[in-house]
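Visitor: I would like a close look at a single part of this structure, taken slowly and with its surroundings. Please begin with the fold as a whole and then go to the helix that has the most to tell us about both packing and charge.

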Amino acid sequence: MTNSAPHPVQTRDRSRLQSIAKIAVFDTAGPLAAYSLLRSAGLSTVSALILSGVLPGVAVLGSLIRHRRLDAVGILVLAGIAVGTVLGLVSGNARLVLMEGSVPTAVFGLLCLGSLWSRRPLIYRFALQFMGQDSPRGREFASLWQYEGFRRLFRNFTLVWGVVYLLEAAARVVIVETTSTGTALAVSKVMPYAVAGALVGWMVLYGRRARREGERLAAQAEATQAEAAQTEPAQTEPAPAKPTQPAAQRPKFALSASR
């Protein structure tokens, strides 16, 4: 009888393909295609931007229904869509609608920097949530927090993420103000994934370098301790026994003590 259960590698690959398809449909290609179609149908720039911007919100709501929980990223996405929609409806200005991506980006950057004064920085919390707090990998990851080098590593990660996301929010504003609506929309849909991908790649390289440095220092400390143990005289060897003197030759304090 053959086992028809899917292989873990196949399951993981299928999950990755689903994530890529979700990003393409709801976050990047989908909104761009919807904007072009809506503009071709005669809708105004503001209306087309608002309607095409609904697709990422649909993805967030679908994840909420499926998993019965809403993470911090989903909250920021919905907040950005709401801000852009309100600004577009009130002002009728397409550039203000395009600013909606800058709002969650800037808020996320500020949250990263603010979490540096909390017990756990934000990027560490995201990493733990991604691994699963109750999984063996997550428990092993959480146990590493006791080491100063590990804590410093994730504080550095969080600091860099916060600064980069604030710079991204500023760059979005500049792009919206200096380019056409279509170009600004395309950049706003691609930029978050380019920035996040670059940060994740940097984290991997930085983490590997920090691990190698830690292993080098640990090996160096171990070698130093071994060398010190070889050069120091043994302290646990028993002292040689003294010959017993006859009672008549013992010091007087010894004799008096034995009476």
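Guide: What follows goes from the whole chain to one helix and its salt bridges, and then to the surface.

The model is a predicted one, and its chain contains twelve helices and zero strands, so that reading along the sequence gives the pattern α-α-α-α-α-α-α-α-α-α-α-α. Of the 259 residues in the chain, 26% count as buried.

The helix to look at is α10, which spans residues 148-178, and its part in the interior comes before its charged side chains. The largest nonpolar core has 33 residues, and those with the most contacts inside it are Leu49, Phe108, Ile123, Tyr124, Phe141, Phe154 and Trp161. At least two residues of this core come from each of α3 (45-52), α6 (94-98), α7 (102-114), α8 (122-131), α10 and α11, and among these helices α10 gives the most, with eight residues. As a general background, nonpolar side chains in soluble globular proteins tend to be buried together.

One of the other contributors to this core, α3, is mostly covered, with six of its eight residues buried; these are Thr45, Val46, Ala48, Leu49, Ile50 and Ser52. Leu49 thus appears both among the buried residues of α3 and among the core residues with the most contacts.

Returning to α10, we can turn to its charges. Side chains of opposite charge can pair when their charged atoms come close. A search of the whole structure finds three salt bridges. Glu148 meets Arg151 in a salt bridge with an N to O distance of 2.6 Å, and both residues lie in α10, three residues apart, which is about one turn of the helix. Glu148 also forms a salt bridge with Arg152, where the closest N and O atoms are 3.9 Å apart, a value that still counts because the cut-off is within 4 Å. Glu148 and Arg152 are four residues apart in α10, again about one turn of the helix. Glu148, Arg151 and Arg152 are therefore linked in a network of salt bridges. Glu148 has a relative accessibility of 43% and counts as partly exposed, and Arg152 is likewise partly exposed, with a relative accessible area of 45%.

Further along α10, the side chains of Arg172 and Glu168 meet in a salt bridge at 3.2 Å, N to O. Because they are four residues apart in this helix, Arg172 and Glu168 are separated by about one helical turn. Arg172 and Glu168 are both buried, whereas Glu148 is partly exposed.

For the surroundings, two surface patches complete the view. Val83, Leu87, Leu96, Val103, Val107 and Leu111 form a nonpolar patch with about 390 Å² of accessible area together. Both α5 (72-91) and α7 supply at least two residues of this patch, with α7 giving the most, three residues. Val107, which lies in α7, is partly exposed at a relative accessible area of 35%, so it passes the requirement of over 30% for a patch residue. Helix α7 therefore supplies residues both to the largest nonpolar core and to the nonpolar patch on the surface.

The second patch is one of positive charge, where Arg208, Arg209, Arg211 and Arg212 gather on the surface. Arg208 is placed in helix α11 (residues 181-231), and with a relative accessible area of 43% this arginine is partly exposed.

How values were computed. Residues are numbered from 1 along each chain as its sequence is written. This is a predicted model: local features need pLDDT of at least 70, side-chain atom pairs count only at pLDDT 80 or more; totals for chains, interfaces and linings use all residues. Side-chain values use heavy atoms; hydrogens and water are left out. Patches are made of residues with over 30% relative accessible area and no salt bridge: like charges are joined within 9 Å, nonpolar side chains (Val, Leu, Ile, Met, Phe, Trp, Tyr) within 5 Å. Accessible areas come from the Shrake-Rupley method with a 1.4 Å probe; for residues, only the protein chains shown count as cover. Lys and Arg count as positive and Asp and Glu as negative; His and the chain ends are not counted. The place of a charge is taken as NZ of Lys, CZ of Arg, CG of Asp or CD of Glu. Buried means under 20% relative accessible area, exposed over 50%, partly exposed in between (1.4 Å probe, protein chains only). A nonpolar core is a set of buried Ala, Val, Leu, Ile, Met, Phe, Trp, Tyr and Cys residues joined through side-chain atoms within 4.5 Å.
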